[in-house]
Amino acid sequence: LCVRKVGRTMSERYSFSLTTFSPSGKLVQIEYALQAVSAGAPSVGIKAKNGIVIAAEKKQKSVLYDEGSIHKIEVVNDRIGMAYSGMGPDFRLLLSKAREIAQHYYLKFRQSIPVSQLVHEVAMVVQEYTQSGGVRPFGVSLLLAGFDDDVPYLYQCDPSGAYFAWRATAMGKNYINGKTFLEKRYNNDLELEDAVHIAILTLKEGFDGQMTEDNIEIGIANKQGFQRLSPSEIKDYLATIL
């Protein structure tokens, strides 16, 4: 009992410090941030041959909410979109920063910022919040989707500032089941329409209640740019699947 109490005390000593490594080499606050992401609403990203689809669950806590005022998928610029799992306010700050970075790049070079460069710049902002005193990590993971030189790209950025390119991935609640489902369904020859169907089915794996056009969002990136689908377009997709 005494040994267990000492071990718990040592763990708690490091759990309140962002800038101090625990004896096991971990920054415990980042692990807590990842837990916040895992408790968030699910998000899915899939790269197809001719585009990328990102989809997210958008459940409201009250029927009195105005659904149009809250979005899980947002446009960064006309070619790049972003989705999240985790804390919405943290996402809004990073979305604002991403839009600022993209606009500065456009004003300087008169062209859209490459997706890889944008995710790198956003990840640098996220990483700064893992080594500074008086702040906390962002409790959010991001999916960034876009087209560069006729090539689709899908990136995930985590609270540690780490980012990776993915063919398909899932975040948020039940993300392990989501990734397992994607591993069974994904192939390199997917068309964009098929990817939309798989994204919806992946969300449905851990969905509570009935899935409608009001409680999910879908964004598509292709050679024409990025767009968030309207509720009527999502309803049409749901009618062919469910």
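Which residues of helix 7 (residues 231-241) are buried? Ile234, Tyr237 and Leu238 are the buried ones, and the first close-up is built around them. Please keep in mind throughout that this is a predicted model.

**Figure 1. Helix 7 and its buried side.**
The buried residues of this helix are Ile234, Tyr237 and Leu238. They lie on the same side of helix 7, because the arc they cover around the axis is only 100 degrees. Turn to the face pointing away from that buried side and you will find the exposed residues Asp236, Ala239 and Thr240. And what do the buried residues of helix 7 pack against? Their partners are helix 6 (192-205) and strand 9 (216-222).

**Figure 2. Ile200, a buried residue of helix 6.**
This view moves to helix 6, where Ile200 is found. With a relative accessible area of 0%, Ile200 is buried; the cut-off for that label is under 20%. Two of the buried residues of helix 7 appear here again: Ile200 is in contact with Tyr237 and Leu238, among others. Setting aside neighbours within four places in sequence, the list of contacts of Ile200 also includes Met211, Ile218 and Ile241. A useful partner for finding your way is Leu242: its C-alpha atom is 9.4 Å from that of Ile200, although the two residues are 42 apart in sequence.

**Figure 3. Asp194, a partly exposed residue of helix 6.**
Asp194 also belongs to helix 6. Is Asp194 buried or partly exposed? Its relative accessible area is 37%, so Asp194 counts as partly exposed, a label for values between the 20% and 50% cut-offs. Val53 is worth including in the view: it sits 141 residues from Asp194 along the chain, with 9.8 Å between their C-alpha atoms.

**Figure 4. Gln227 in strand 10.**
Here the focus is strand 10 (residues 225-228), which holds Gln227. This glutamine is partly exposed, at a relative accessible area of 41%. Which residues does Gln227 touch, not counting those up to four places away in sequence? They are Ile218, Gly219 and Ile220. Ile218 will be familiar from Figure 2, as Ile200 is in contact with it too. For a longer view, look for Gly172: Gln227 and Gly172 are 55 residues apart in sequence, and 22 Å separates their C-alpha atoms.

**Figure 5. Tyr105 in helix 3 and the residues that follow.**
Tyr105 lies in helix 3 (residues 88-109). Its relative accessible area is 13%, so this tyrosine is buried. Beyond the neighbours within four places in sequence, Tyr105 is in contact with Arg110, Gln111, Ser112, Ile113, Pro114 and Gln117. The C-alpha atoms of Tyr105 and Gln117 are 10.0 Å apart, and twelve residues separate the pair along the chain.

**Figure 6. Two loop residues with positive phi.**
Start with Arg110, one of the contacts of Tyr105. Arg110 is placed in the loop between helix 3 and helix 4 (115-128). Its phi is near 60 degrees, a positive value in a residue other than glycine. Arg110 counts as exposed, since its relative accessibility is 58% and the cut-off is over 50%. The second residue is Asp149, found in the loop between strand 5 (140-148) and strand 6 (151-157). Asp149 is not a glycine either, yet its phi is positive, at about 50 degrees. With 74% relative accessibility, Asp149 counts as exposed.

**Figure 7. Stepping back to the whole chain.**
After the close-ups, here is the setting: seven helices and ten strands make up the secondary structure of the chain. The C-alpha trace spans about 60 × 50 × 40 Å along its principal axes. How does the radius of gyration of 19 Å fit the 242 residues? A compact globule with that number of residues would have a value near 18 Å, which agrees. Of the 242 residues, 44% count as buried. Among contacts with a separation of 6 or more, 63% come from residues 24 or more positions apart. The chain exposes about 12,900 Å², with carbon and sulfur atoms supplying 50% of that area. As for charge, there are 27 positive and 27 negative side chains, and 8 Å lies between the centres of the two sets.

Key:
Residues numbered from 1 in each chain as written. Predicted model: local features only at pLDDT ≥ 70, side-chain atom pairs only at ≥ 80, totals over all residues. Heavy atoms only, no water. Helix = DSSP H or I, 4+ residues; strand = E, 2+ residues; numbered from the N terminus. Rg over C-alpha atoms; globule rule 2.2 N^0.38 Å. Buried < 20%, exposed > 50% of the residue type's maximum accessible area, 1.4 Å probe, protein only. Contact = heavy atoms within 4.5 Å. Areas by Shrake-Rupley, 256 points an atom, 1.4 Å probe, with all protein chains shown as cover. Lys, Arg positive; Asp, Glu negative; His and termini not counted. Charge placed at Lys NZ, Arg CZ, Asp CG, Glu CD. Arc of directions from axis to C-beta.
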